[in-house]
Structures are given as C-alpha cells and as structure tokens.
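Could you walk me through this structure in plain language? I'm new to it and would like a guided tour.

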Amino acid sequence: MGEAEQEQQGRRGIDRRTLLIGGAAAAFGTVVLARDELGRLWWRLPGVVKKRKEGEVDAPGVQWIAASDYNWRRADRPDDYKIDRVVIHVVQGGYDTALRVFKDPSHGAAAHYVVRKDGHIAQMIRELDVAFHAGNKSYNERSIGIEHEGFVDKKSSFTDAMYAASARLTAGICRRYDIPVDREHIVGHVEVPGTDHTDPGPYWDWDRYMRLVRAERDKPERPEKPTGSAKPEKPEKPEKKD
Ligand SMILES: [Zn+2]
C-alpha cells in the first residue's frame, strides 16, 4: 500500500467515526483514541481554521497574489499529505491571463506558482494547501504546481530568466520537502496519469532545466539579505559577538 493510500484510509477512518458518532462535537470525544489523527486533521473540524498570515509566501522573492478559494483546497501539508512531486505547466497564455483565471472562482483550477518570462514569480496558493492543477486528485494532493507563461508550441516562450527563476523555485521546494531532483519527481503535466494536457510540450528543455535545478539545489543556502559591501568594513569590537 502506498503512503497516499494509507493516508486515504486514515482519513476515511476518521471521517466514518466522526459521522457515526454525530459530528464535530462528538469527534472531540474520540480525542483519546485518535489524538494523533485528530492532531493532524483538526483543521477539518467545523469552526476550526488554521491561522495563516495574509500575504505570507513560501519562497524567497515571490509576490503573493491570491487565487480564488474555489480553485484550491485547504490542507496542512506535508503533515496530512506528503509532498513528493513538482508538476511543470505551461499556461497557453500570458502571465496576466493565468492570474486572471486563477482568481476566477468559476475556473475551478489554479497552480501554486506562476512564472513570468522575466523571471518574476507570483505565488497564488500556499504550499501547505492543495491546488487544483494536475487534473488528478492524488497528484494534486502530493504535488506543487508551477505554471509558466507562454505556449507549448512556441520555443521563444521559454526564456533564460524564466528557466533560472523556475529552477531556483523548484530547487527550494525539493529542499523543503526532501524531494529527489530527478525526472520521476519533477514531472510535466503531460506525465500526470489520466491527463489530456500536453504541457510543457516539446520545446521545454528538460535537460537544461534539471541541470539548473541541481545546480541551485547544490548551492549553499542563500543568506536572507545580500551581503554586499554597502557598509564600510569597520569592525569596532571584533571580539564581541552577538
Ligand atoms: Zn498544465
């Protein structure tokens, strides 16, 4: 049994128990029996909302632009679902189009991130939540989706800046969730079981992309602030550290 299936069963167990005893109030009565499970699933109980800071992002340098609530599902990854895939998409449109449809509640789909040609990245859904981007429930639950502006049949869509920014983002995701940097774990939408989508298409340079992701992953962790020489080096009391 795969981990995803085990999680499914665990969830089903809780749901059934909750249902049989009669709702959320009664579910608290099972707290001793299922404390661990409830600990992971407490946010599913009615009236309980996990605290989130508005505008908080998961990757350095990205801009928060919220997708419609209808295009994703609240979760608590990686505690409730293990994250072990990154899914690469191409919008079949521009950056602004992607933002517009992901903000549209009637669209029914959205990815966590959208990468622009110039390397700018919008984060629209938190990594802990499940985005509806892969067209496959279990892949949505286990993955983070990255959209790239442009078209599958247009090689010029994919710029150096886009590859570099996207690779940095994917390397960070792989580091955060301990995901191997290989083509089994970093996949195109076209490789998601059951999909009829073809993105990222034949012009997406996988060799180059994977090379860039590996290089980014192997870099030492970057400091939060640039350590430029803006300040004159004048250590007044070098022996005093704090
Ligand atoms: Zn796609």
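Here is a walk through the chain, from the overall layout to a handful of individual residues.

Keep in mind from the start that this is a predicted model. The chain has 242 residues, and 33% of them count as buried. Its secondary structure comes to seven helices and eight strands. Take the contacts between residues at least 6 apart in sequence: 72% of these join residues at least 24 apart.

Let's begin with the core. The largest nonpolar core holds 49 residues, and the ones touching the most other members are V86, A110, Y113, V114 and I146. Plenty of elements chip in with two or more residues. On the strand side these are β3 (85–90), β4 (113–115), β5 (121–123), β6 (130–131) and β7 (143–148). On the helix side they are α4 (95–102), α6 (160–177) and α7 (206–218). Which element gives the most to this core? That would be α6, with eight residues.

I146 is a handy place to stand and look around. Setting aside neighbours within four places in sequence, I146 is in contact with V86, I88 and H89, with A111, H112, Y113 and V115, and also with S166, L169 and T170.

Next, follow α6 over to α7. The axes of these two helices come within 8 Å and cross at roughly 55 degrees, so α6 counts as oblique to α7. The crossing of the two is right-handed. From α6, the residues involved are Y163, A164, A167, R168, T170, A171, C174 and R175, and they meet R208, Y209, L212, V213, E216 and R217 of α7. What mix of residues makes up this contact of α6 with α7? Eight are nonpolar, one is polar and five are charged.

Now for some backbone oddities. Most residues other than glycine have a negative phi, and most peptide bonds are trans. Two peptide bonds here go the other way. The bond from R77 to P78 is cis, with omega near 0 degrees, and P78 sits in the loop between β2 (72–73) and β3. The bond from D199 to P200 is cis as well, with omega near 10 degrees; look for P200 in the loop between β8 (186–188) and α7.

There are also two residues to check for phi. Q92 is not a glycine, yet its phi is positive, at about 65 degrees. You'll find Q92 in the loop between β3 and α4. Is Q92 buried, exposed or partly exposed? Partly exposed, because it has 19 C-beta neighbours inside 10 Å, and a residue needs 20 or more to be buried. D178 isn't a glycine either, and its phi is positive too, at about 60 degrees. D178 belongs to the loop between α6 and β8, and it counts as exposed because just 10 other C-beta atoms lie within 10 Å.

Q92 also leads us to S157. These two residues are 65 apart in sequence, but their C-alpha atoms are 9.8 Å apart in space. S157 lies in the loop between β7 and α6. Despite being in a loop, S157 is buried, with 21 other C-beta atoms within 10 Å. Beyond its neighbours within four places in sequence, S157 is in contact with V90, G150 and F151.

Another loop residue to visit is K103, between α4 and β4. K103 counts as partly exposed, since it has 15 C-beta neighbours inside 10 Å. In sequence K103 is 35 residues from S68, while in space the two are 4.5 Å apart, C-alpha to C-alpha. Leaving out neighbours within four places, K103 is in contact with A67 and S68.

The last stop is Y139, in helix α5 (residues 137–142). Why does Y139 count as buried? Because Y139 has 21 C-beta neighbours inside 10 Å. Not counting residues up to four places away in sequence, Y139 touches R85, V87, A134 and V192. The C-alpha atoms of Y139 and V86 are separated by 9.4 Å, with their positions 53 residues apart along the chain. That brings us back to V86, one of the core residues that touch the most other members.

Notes
Residues are numbered from 1 along each chain as its sequence is written. This is a predicted model: local features need pLDDT of at least 70, side-chain atom pairs count only at pLDDT 80 or more; totals for chains, interfaces and linings use all residues. A nonpolar core is a set of buried Ala, Val, Leu, Ile, Met, Phe, Trp, Tyr and Cys residues joined through C-beta atoms within 7 Å. A residue is buried if 20 or more other C-beta atoms lie within 10 Å of its own, exposed if 12 or fewer, and partly exposed in between; C-beta atoms are placed from the backbone. Helices (H or I, at least four residues) and strands (E, at least two) are DSSP runs, numbered from the N terminus. Two residues are in contact if their C-beta atoms, placed from the backbone, lie within 7 Å. Axes are lines fitted to C-alpha atoms, for helices over the stretch in contact, and angles run from 0 to 180 degrees between N-to-C directions. Angles under 35 degrees count as roughly parallel, over 145 as roughly antiparallel, 65 to 115 as roughly perpendicular and the rest as oblique. A crossing is left-handed if the near helix is turned anticlockwise from the far one by less than a right angle, and right-handed if clockwise. Ala, Val, Leu, Ile, Met, Phe, Trp, Tyr, Cys and Pro count as nonpolar, Asp, Glu, Lys and Arg as charged, and the others, Gly among them, as polar.
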